[in-house]
Structure formats: structure tokens, C-alpha cells
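Please open the model in a viewer and keep the selection tool at hand. The tour below proceeds from stop to stop, naming what to select and what is found there.

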Amino acid sequence: MAVAKVRFFSDTLHMTVPAAVILPEEAEIPDTGLKTVWALHGGNGDYREWLYDSCAARYAQEMRIALVLLSVYNSFGMNMAHGGAYADFLQDEVMGKIRSLFPALSHRRGDTYAAGASMGGFAAFRWAVNRPEQFEAVGAFAGAIYMEDIFRKYLEGTQPGGPDFINSFGNLGRLVCTDNDIFHMTAQNIREGKKNPRMYLLCGKDDFGFEQNKAAFRLLRQAGAEPEFHEVEGAHSFGCWDPYITDMFTFFMKGGTDHGKNPL
């Protein structure tokens, strides 16, 4: 595999941002370009999480696909109440910047996928349902998709969190029936005749967010989506998720896994 670490200036964020692009070596590049997973990290991390905490780069080499690893820091991929416009950065800028630097990446919706872990799961889903024309599929490992419930419990003092919650969300109203509400946007896309990306969720049974992930699965179905949900052994780390990265990537490229569960 070839790993390129890059820094480029973001006109949206008004600063230089880092990223990594992983390209398979000795792979035949289709005329349409390489299938590409755009991956987002968890809270308190950056793009290096997928690079060093998982074997995603090796799996991408074996599957002959590209990975783009992005840093959104503790923004949840939102236009922060007190901070940068990370939603605009993701939705309207970063793909063009990265693809101009790496022309081997496909521009086709059918070859383009979003993935996230924990906080990055919310960011990936938020990006995908706000720009459904960009993504064929989206997936999350223990994603904070039901962010309204998480933030409400944080305000009540029953959910761990930190200043990044306030900096990103500001108040609960910004998470309900807005473009930050994944379930609302999923349903709105269907009403407007837009094709939502296919959706993959996975969470460990010992994860502190397990029940919220099951609730997110139910709410996505109520919104009209047909997500695939996997409950596995393990807690909240790539130690749990890493064995299923190829499973997620297979879902992205083939339209579903062999053992997907919709048990709820």
C-alpha cells in the first residue's frame, strides 16, 4: 500500500488541515477510478486513529480500494455552535480538494462510501444523509448516531461528555428536526425522492452505547431506511471493530453482507 500524508489549506475552515490517503499498490485502476472509503475518527482523535489503531490500510490494499482519512477533531462533523464549519468543509470542499490531488480516486457515487467510528459515526451519517448524492453507502462502528438522546442525557448529568458537546451543539434544539438530525434528514430525503445511502451499523454488546445503537437502528427504520445492524462481542474500541472492517467494506461494495442482521 502507499500511504500519503498531506496538508492543505481549507477555505472553509480558514486553516491548514491534515489528511492521509491510502492507495493500493499494483492495483489496476478502472477507467472510473478507485472505489474510495472516506473515514472519520472518534472523539479526541484525528485521521491517524484509522491508520494506527486499526488494520484498515492493509484491508484496503487487499481489497484494492482507496481510503481517505480525515480530521474533524471534536466537531462531530457539524457547523459548530462555537467553532469551525466542519459540515460545510465535509459536504462542499474536501472531496474536491482531495480528488484534485489524487486523480486516481473515483468520482462516482456508486464507488464512494463514508465510514466512522464513535463520534465519527455521527459525522459520517450526518454527511451522508445531507449529501446523499455523494455516497452509495455509509457505515458506523458504535456510532453516536442518536445524538439527540446522548446530548440530552449529557445535559441531565447521566451521560459522559465534555466541553466539545457544548462547542459543537450549543443547545438541544440544534439536534432536533434540523440538518443535524440524522433520522429527520433520512425521512426528508425519502419524501423528496432522494436516494439515501445504504446503511451499516455495528456495535459491541459491552459498549456503553449499545442500547443507543439499537435505538438508532429502530429510528432509521422508522424513518424509512433499511439499515443493516450487527451486534458483536466486545466494547468501545478498534479491538472490537477491527475484525469487521472488511465486513463493512464488503457491504459498501457489494450491497450487503452474508450475515447482516435486522433483529430488532
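Is the crossing of helix 3 and helix 4 left-handed or right-handed? It is right-handed, a term used when the near helix is turned clockwise from the far one by less than a right angle, an anticlockwise turn being left-handed.

Before continuing, please note that this is a predicted model, in which local features need pLDDT of at least 70 and side-chain atom pairs count only at pLDDT 80 or more, while totals for chains, interfaces and linings use all residues. Residues are numbered from 1 along each chain as its sequence is written, and side-chain values use heavy atoms, with hydrogens and water left out.

**First stop: two crossing helices**

Select residues 86–101, which are helix 3, and residues 119–130, which are helix 4. Helices (H or I, at least four residues) and strands (E, at least two) are DSSP runs, numbered from the N terminus. The two axes come within 10 Å and cross at roughly 65 degrees; axes are lines fitted to C-alpha atoms, for helices over the stretch in contact, and angles run from 0 to 180 degrees between N-to-C directions.

Now display the side chains at the crossing. Helix 3 contributes Ala 87, Leu 90, Gln 91, Val 94 and Met 95, and helix 4 contributes Arg 126, Trp 127 and Asn 130. Contact here means heavy atoms within 4.5 Å. By class, this contact has 5 nonpolar, 2 polar and 1 charged residues. Ala, Val, Leu, Ile, Met, Phe, Trp, Tyr, Cys and Pro count as nonpolar, Asp, Glu, Lys and Arg as charged, and the others, Gly among them, as polar.

**Second stop: aromatic rings**

The structure holds 23 aromatic pairs. Rings of Phe, Tyr and Trp (its six-membered ring) pair if their centres lie within 6.5 Å; planes under 30 degrees apart count as stacked, over 60 as edge-to-face and the rest as tilted.

Select Phe 8 and Phe 89, a stacked pair with 6.5 Å centre to centre and 20 degrees between the planes. Phe 8 belongs to strand 1 (residues 2–10) and Phe 89 to helix 3, so this pair ties together parts that are 81 residues apart in sequence. Phe 8 counts as buried because its relative accessibility is 9%; the cut-offs are under 20% relative accessible area for buried, over 50% for exposed, and partly exposed in between (1.4 Å probe, protein chains only). Phe 89 is also buried, at 1%.

Move next to Phe 76 and Phe 169, which form a tilted pair, 4.7 Å centre to centre with 50 degrees between the planes. Phe 76 is in the loop between strand 4 (66–70) and helix 3, whereas Phe 169 is in helix 6 (residues 163–169), so parts 93 residues apart in sequence are tied together. Both residues are buried. Add Phe 122, Phe 151, Tyr 154 and Phe 165 to the selection, and one aromatic cluster with Phe 76 and Phe 169 is displayed.

For a ring with a charge over it, select Arg 198 and Phe 251: the charged end of Arg 198 sits 4.9 Å from the ring centre of Phe 251. The criterion is that NZ of Lys or CZ of Arg is within 6 Å of the ring centre and within 35 degrees of the ring normal.

**Third stop: helix 2**

Select residues 56–63, where Ala 56, Ala 57, Tyr 59, Ala 60 and Gln 61 are the buried residues of helix 2. They pack against strand 2 (15–23), helix 1 (48–52), strand 4 and helix 10 (245–254). Gln 61 has a relative accessible area of 15% and touches Met 1, Leu 23, Pro 24 and Glu 25, not counting residues up to four places away in sequence. Arg 64 follows the helix with a positive phi, near 60 degrees.

**Fourth stop: further positive phi values**

Most residues other than glycine have a negative phi. Select Tyr 73, in the loop between strand 4 and helix 3, where phi is near 50 degrees. Tyr 73 is partly exposed, at 31% relative accessibility. Then select Ala 142, between strand 6 (137–141) and helix 5 (147–156); its phi is near 45 degrees, and Ala 142 is buried, at 5%.

**Last stop: a buried and an exposed residue**

Select Asn 189 in helix 7 (residues 182–191), buried at 1% relative accessibility. Leaving aside neighbours within four places in sequence, Asn 189 is in contact with Val 129, Pro 132, Lys 194 and Asn 196. Finally, select Phe 208, in the loop between strand 7 (198–204) and helix 8 (210–222), which counts as exposed at 64%.
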